[in-house]
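Me: I have a protein model open and would like to talk through how its descriptions are justified. Could you take my questions one at a time?

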Amino acid sequence: MAFIRAEIPRFARNDKMGCFLRSLQKPARDLRYDGDRSSCGKFARKEVRVMEIKKVGVVGCGLMGSGIAQVSATAGFDVTVLEVDQKYIDKGFQAIRKSLDKLAAKGAFADTPDAIVSRLKGTTRKEDLADCDFVVEAVIENVGEKRKTFAALDSVVKPSAIFASNTSSISITEIMTSTQRPSQFVGLHFFNPVPLMKLVEVARTIVTTDEAFETAFEFGKKLGKVPVRTSDKTGFIVNRLLVPYLLDAIRAFEEGVGSIADIDASMKLGCGYPMGPFTLLDFVGHDTTYYITQVMFDEFKEKRFASPSLLKRMVMAGWYGKKNGKGFYDWSNPEKPVPQDAALRGLAKQ
Ligand code: 3HC
């Protein structure tokens, strides 16, 4: 067990003053808590107990789950990954091996890939997560699935363990109520590709304890990430800003502002973004982005979060992006993706 000195927003304190301030809490104060600590000036210093984490559970071994498992094992944790079928574990572990080999060749860590992989265990039995100290869920972005997953885990994982969801848009509050441990529940939102992207958003709800939140924050640091504090507002920080940008790119294409390749090149070369919006959309997956738009639009009722009709039609047609080979680009040859302007405009191929 360790203690850290943390800045706790006064209204999140569990003493009488904290309760009183919470009862007075107005949206303006809440907004200031989200990020602007310096102008808020409402923080108290407090010793917070940080739980020791030895064993990590990861639920889901897809794009995000395998990445989270990889960085956790790389950081020295024993990791058990739960999937519904062994074939998904095999596929995810293959991707982990490939990524570790690449990173090892660049001298990214001291351990050998073999040593890191030896800390990873795959399972299809939820009971194997019983003694985990920290469980991160990265299953499909669907509130029903996430609630079902956590309700099942809650009955087998030890009561002291902290639960975290990697959701990018669903309310943590809504997911946590499927368990008997809402105060030990946080959002831990990683970015794709997890082994390379430095950020992790750590989100607390109005009932998350300081201990659970700070433990998750320290865990993010131990993974070599830069954690940022946020609260349970749909989309957190990044997707609040990123999603309208990506959707605007699709609308610009729909309106004929530019071709897929030109819009991508514009944002790369004109703004210094590492990849253009269509490449990024293909990386994230259109099924995921479409689901995010539904959740965000439902929350905010603002057009900037609404799905353009093209995105909806691509998802209905099964064009999910890079993961199944077809999106704004055809990824048959991943080294040379081919833009799909004609097909996406419903035109005959030239
Ligand atoms: N593991 C290990 N190495 C990897 C890797 C992985 N998973 N993925 C790529 N690499 C390696 C590549 O092999 C390459 O190695 P090399 O230099 O030896 O050839 C190196 O990393 C650089 O990759 P690339 O040359 O392909 O391309 P970039 O220099 O553009 O870097 C990138 C790749 C870091 C992914 C960069 O393009 C980038 O930052 N893109 C933006 C990603 C982004 O915005 N992610 C957030 C998505 S939003 C999200 O996840 C939230 C969700 O809720 C929607």
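Reply: Happy to, and let's start with helix 7. Its buried residues pack against strand 3 (55-59), strand 6 (134-137), strand 7 (162-165) and helix 8 (172-176). Keep in mind that this is a predicted model.

Me: Which residues of helix 7 are called buried, and what makes them so?

Reply: They are Lys146, Thr149, Phe150 and Leu153. A residue is called buried if 20 or more other C-beta atoms lie within 10 Å of its own, so these four residues of helix 7 each meet that cut-off.

Me: How do you know which side of helix 7 they are on?

Reply: The buried residues cover an arc of only 90° around the axis, so they sit on the same side of helix 7.

Me: What makes the length of helix 7 close to what is expected?

Reply: Helix 7 runs over residues 143-154, which is 12 residues. The expected span is 1.5 Å times one less than the number of residues, and for helix 7 that comes to 16 Å. From first C-alpha to last, helix 7 reaches 16 Å, so the span is close to the expected one.

Me: And what about helix 4, why is it called mostly covered?

Reply: Because 11 of its 12 residues pass the cut-off for buried, helix 4 earns that description. Among them are Met64, Ile68, Val71 and Thr74. Helix 4 (residues 63-74) reaches 17 Å, close to the 16 Å expected. After helix 4 comes Gly76, with a positive phi near 105°.

Me: What describes the packing of helix 10 and helix 12?

Reply: Helix 10 (residues 238-254) and helix 12 (residues 277-284) pack at an angle of about 115°, with their axes 10 Å apart. Tyr245, Leu246 and Ala249 of helix 10 make the contact with Pro277, Phe278, Leu280 and Leu281 of helix 12. The crossing is left-handed.

Me: Where does pLDDT stay under 50?

Reply: Over residues 17-41, for which the model has 20 contacts beyond four places in sequence. pLDDT is the predictor's confidence on a scale from 0 to 100, so a value under 50 puts residues 17-41 in the lower half of that scale. The protein chain averages a pLDDT of 90, and 86% of the residues score at least 70.

Me: How many helices and strands does the protein chain have?

Reply: There are 15 helices and 12 strands. Of the 350 residues in the chain, 42% count as buried.

Terms used:
Residues are numbered from 1 along each chain as its sequence is written. This is a predicted model: local features need pLDDT of at least 70, side-chain atom pairs count only at pLDDT 80 or more; totals for chains, interfaces and linings use all residues. Helices (H or I, at least four residues) and strands (E, at least two) are DSSP runs, numbered from the N terminus. The arc is that of the directions from the helix axis to the C-beta atoms. Two residues are in contact if their C-beta atoms, placed from the backbone, lie within 7 Å. Axes are lines fitted to C-alpha atoms, for helices over the stretch in contact, and angles run from 0 to 180 degrees between N-to-C directions. A crossing is left-handed if the near helix is turned anticlockwise from the far one by less than a right angle, and right-handed if clockwise.
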